[in-house]
Amino acid sequence: MTVEAVAGSPSGARAASPPYVAIAVISAAALAYEVLLIRLFSIVQWHHFAHMVISLALLGYGASGAFLALSAEVLQRRFVTVFAVNALLFGVTAVTSFLLVQVLPFNPLELLWDPAQPMWLALVYLVLAVPFFFAANCLGLSFYSFSKLIPRAYGYDLIGAGLGSLGVIALLYVLKPGQLLMVIGASGAVAAALLTAGGSVRRRRAVVGAASVSILVLAGLAGRGVSLQPSPYKGLSHALRVGGSELVEEKSSPLGLLSVVRSPLVPYRHAPGLSLNSTIEPPAQLGVFTDAEALSVITRFDGDISRLAYLGDLTSALPYQILNRPRVLVLGAGGGADVLQGIYHGAGEIDAVEVNPQMVALVRDDYGEYAGRLYDRQEVRVFAQEARGFVAGSERGYDLIQVALLDSFGASSAGLYALSESYLYTVEALQEYVSRLRPGGLLAITRWVKLPPRDGLKLFATAAAALRLSGVEDPERRLAWVRGWSTSTVLVSNGEFSPQAVAAVRQFCTERAFDLVYVPGIRPGEANRRNVLAKPLFFLGAQAVLEHAPAEFLDSYKFDIRPATDDRPYYFNFFRWSSLPELLDLRQQGGMALLDSGYLVLVVTLLQAVAASALLILLPVWIRSRRRISSVPAGTKWRVFFYFMAIGLAFLFVEIAFIQRFVLFLSHPVYAVSVVLAGFLIFAGLGSRYAQREGRSGAWRGLLLAAVTGIAGISLIYLLALAPGLDALMSWHDLPKIMVTLMLIAPLAFLMGLPFPLALTALGDRARDLIPWAWAVNGCASVLAAVLATLLAIQLGFTFVVLSAIVLYAFAAWVVGHSFTDREASIG
């Protein structure tokens with residue numbers, strides 16, 4: 001019997017099989033779209049906004065639940081038609097919503113100055129939720145119409161979503177993001193066609209006609225081209241506005257969109273922090289932007305070392321004044337500027353690590369002659385790996401490990417990287433780097449200068465904390481810090497600085513008009529002499545960090561300069577709530593510019609998520625409750641509310657925490673989002689299938705309690721053992737690491753897949769009208785959880801987020817075990 005043959009009556013619908021394949025297709029397309037939006041945001045804005053994308057996707061799902069609460073009984077009578085129309089609308093709006101968002105004047109830089117910006121952010125949020133609303137209508141209506149088979153349908157939903165989130169990564173290697181957007185748009189028509197495969201000729205013709213119109217609309221959009229339009233304030237946009245500039249090449253992958261720019265009339269002279277005393281002009285350069293921002297350059301090199309003399313006048317050249325023919329490791333090689341710096345200073349060997357193989361190919365192949373075959377030189381070895389993974393797997397010792405400066409000054413100064421997790425600058429990272437140094441070797445990290453001191457001071461505090469945790473009792477003997485007009489460089493030594501090394505640092509600063517911030521034995525009068533500030537703020541901050549009670553200074557400082565850790569890897573976040581009133585009072589004197597725009601976008605997004613979920617989910621459900629579930633005891637409705645709210649928050653808390661934890665292991669946020677989402681959805685889907693077989697018995701509460709106990713136990717084990725276990729595997733290649741990730745997620749996700757369908761099945765048996773209510777409440781919780789988990793992680797760390805999830809699961813189990821025992825309190 002086909003779906004069409006029984007969709008005309010509720011009883012018949014409940015006796016038939018749902019359109020499992022169509023459910024899987026639409027679910028896969030929705031998750032692929034979700035992951036693709038993360039890449040698209042990385043290109044057109046300054047951050048991947050993964051938390052917001054996940055939240056808005058779930059808003060669409062939650063709003064769908066509320067919509068079905070009002071209309072599901074009517075819609076199920078036209079199940080095939082409604083499913084097909086919503087599938088087609090998903091495909092069309094997936095493309096048109098993003099095109100609309102690109103023309104909206106949202107600019108996070110103006111969030112505090114322009115009162116219209118929160119409105120534009122809200123509009124972005126709501127517009128992009130529309131495709132997910134249509135996708136969720138397909139899924140939710142299937143669950144409502146076939147309530148007896150919810151676990152199996154839910155399983156196809158989750159498995160399809162998992163496969164979609166993995167498949168989009170593979171497709172990003174062969175298609176540009178704009179092209180992939182069109183493919184996802186066409187998938188709605190595919191789902192609609194699959195739905196009617198066994199239906200009547202008339203029905204098939206109607207759906208095929210609608211699908212054809214949908215594809216024609218998308219083809220028309222494709223003809224115009226789905227070109228990405230980065231913010232006009234991003235580095236690439238600025239560069240292309242320079243007269244004569246041209247975009248000569250683009251390469252795309254999940255790791256980033258690389259844009260090569262030539263500017264013959266106003267040549268690139270990229271030399272961050274170049275001394276004002278320098279008289280050497282840099283050679284010609286090509287700009288290479290990653291995701292329309294982070295600038296690296298490919299420098300024309302003809303083998304004449306003297307043309308590279310300007311590289312000796314950067315703050316990053318400091319370690320070469322101390323070391324002689326060092327063995328060098330460059331982390332974040334990019335276009336090769338730091339490799340050239342090592343060559344100029346006579347480095348004996350240089351290992352260059354770059355995470356993006358396409359960047360390596362640009363320097364080695366596409367522009368090999370231009371770059372002087374830099375990456376093919378005898379003393380240079382290039383590795384296309386993630387920096388932390390390479391260091392963890394390397395057995396070589398180095399005299400110098402140099403962490404390259406690859407982020408842009410403008411975005412960094414504006415706080416736009418505040419939401420970006422970075423595992424390059426954590427305490428654990430610095431400990432690993434120092435452990436790979438030979439005796440007397442140096443770790444050199446260069447950062448942009450910010451006023452008041454934030455970035456460099458946080459790095460200095462992180463370095464001091466790393467040394468202390470490694471057992472160094474006197475870190476002040478192993479640290480040095482110099483400051484130029486726009487960059488500063490921190491040195492961490494694997495051993496105490498010798499008097500000769502300290503003298504070399506002083507001489508380096510004198511010759512290049514740089515300022516000493518800290519060296520062992522520094523006197524107050526030596527600081528703040530050239531790039532003069534009203535007070536020697538950097539020097540005073542360094543002294544405070546090295547005192548016996550640095551925690552007091554870090555806690556009282558106006559900005560959050562606590563050392564970043566792998567559990568709280570938000571190095572670029574400096575926002576502190578206690579300073580907000582003071583900075584707002586100084587808005588007329590420029591105080592607003594000191595607030596991190598990225599963090600404030602997250603706060604505004606959370607407020608909007610609360611408002612949107614209340615308006616689009618809870619309010620319609622409340623209206624529905626007055627009409628259709630008035631006979632259900634109020635206590636039961638509230639218990640259902642608390643149960644599904646708790647598991648919705650808990651599921652997303654665990655998922656977000658694991659996404660962030662695996663960013664380090666899998667080397668990139670998009671990899672982590674895709675693989676972790678796939679793992680959770682696929683294995684939660686298998687858990688749902690298991691719930692179908694075992695949850696029908698009266699022992700579903702016992703199974704639920706066992707699942708919650710297992711979730712808590714596995715989560716606690718992972719909190720204790722996961723980090724060291726993954727660290728031991730960091731040097732593995734991508735495919736084995738993906739397999740390990742899925743294996744680790746499998747048991748936890750399987751158990752996390754049980755609580756929702758078990759309780760939903762119980763509702764289907766006893767109070768079917770509460771299914772849309774439960775679906776909407778769970779969706780509302782998920783909308784909030786995606787953003788709230790990120791806020792909690794920034795302030796308190798991912799360990800706190802996971803522990804909170806365990807408490808929420810325990811609360812849900814308590815609700816079931818203690819409130820659903822008697823007849824009146826049971827679900828339904």
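1. In this predicted model, helix H24 passes helix H25 in a left-handed crossing. H24 covers residues 700-727 and H25 covers residues 734-752. Their axes come within 9 Å and cross at roughly 160°.

2. How should the directions of H24 and H25 be described, roughly parallel or roughly antiparallel? An angle over 145 degrees counts as roughly antiparallel, and the axes of H24 and H25 cross at roughly 160°. The two helices are therefore roughly antiparallel to each other.

3. On the H24 side, the residues that meet H25 are Ala707, Gly710, Ile711, Ile714, Ser715, Tyr718, Leu722 and Leu726. On the H25 side, the partners are Leu744, Pro747, Leu748, Leu751 and Met752. By class, the residues of this contact are eleven nonpolar and two polar, with no charged residue.

4. A second helix pair is formed by H3 (residues 20-44) and H8 (residues 177-195). The axes of H3 and H8 come within 9 Å and cross at roughly 165°. H3 and H8 are therefore roughly antiparallel to each other. Their crossing is left-handed.

5. Which residues of H3 meet H8? They are Val21, Ala22, Val25, Ile26, Ala29, Ala32, Tyr33, Leu36, Leu40 and Ile43. H8 contributes Pro177, Leu180, Leu181, Ile184, Ser187, Gly188, Val190, Ala191, Leu194 and Leu195. The residues in the contact of H3 with H8 divide into 18 nonpolar and two polar, and none is charged.

Definitions and conventions
Residues numbered from 1 in each chain as written. Predicted model: local features only at pLDDT ≥ 70, side-chain atom pairs only at ≥ 80, totals over all residues. Heavy atoms only, no water. Axes fitted to C-alpha atoms, helices over the stretch in contact; angles between N-to-C directions. Helix = DSSP H or I, 4+ residues; strand = E, 2+ residues; numbered from the N terminus. Parallel < 35°, antiparallel > 145°, perpendicular 65-115°, else oblique. Left-handed = near helix turned anticlockwise from the far one by under 90°. Contact = heavy atoms within 4.5 Å. Nonpolar A, V, L, I, M, F, W, Y, C, P; charged D, E, K, R; others polar.
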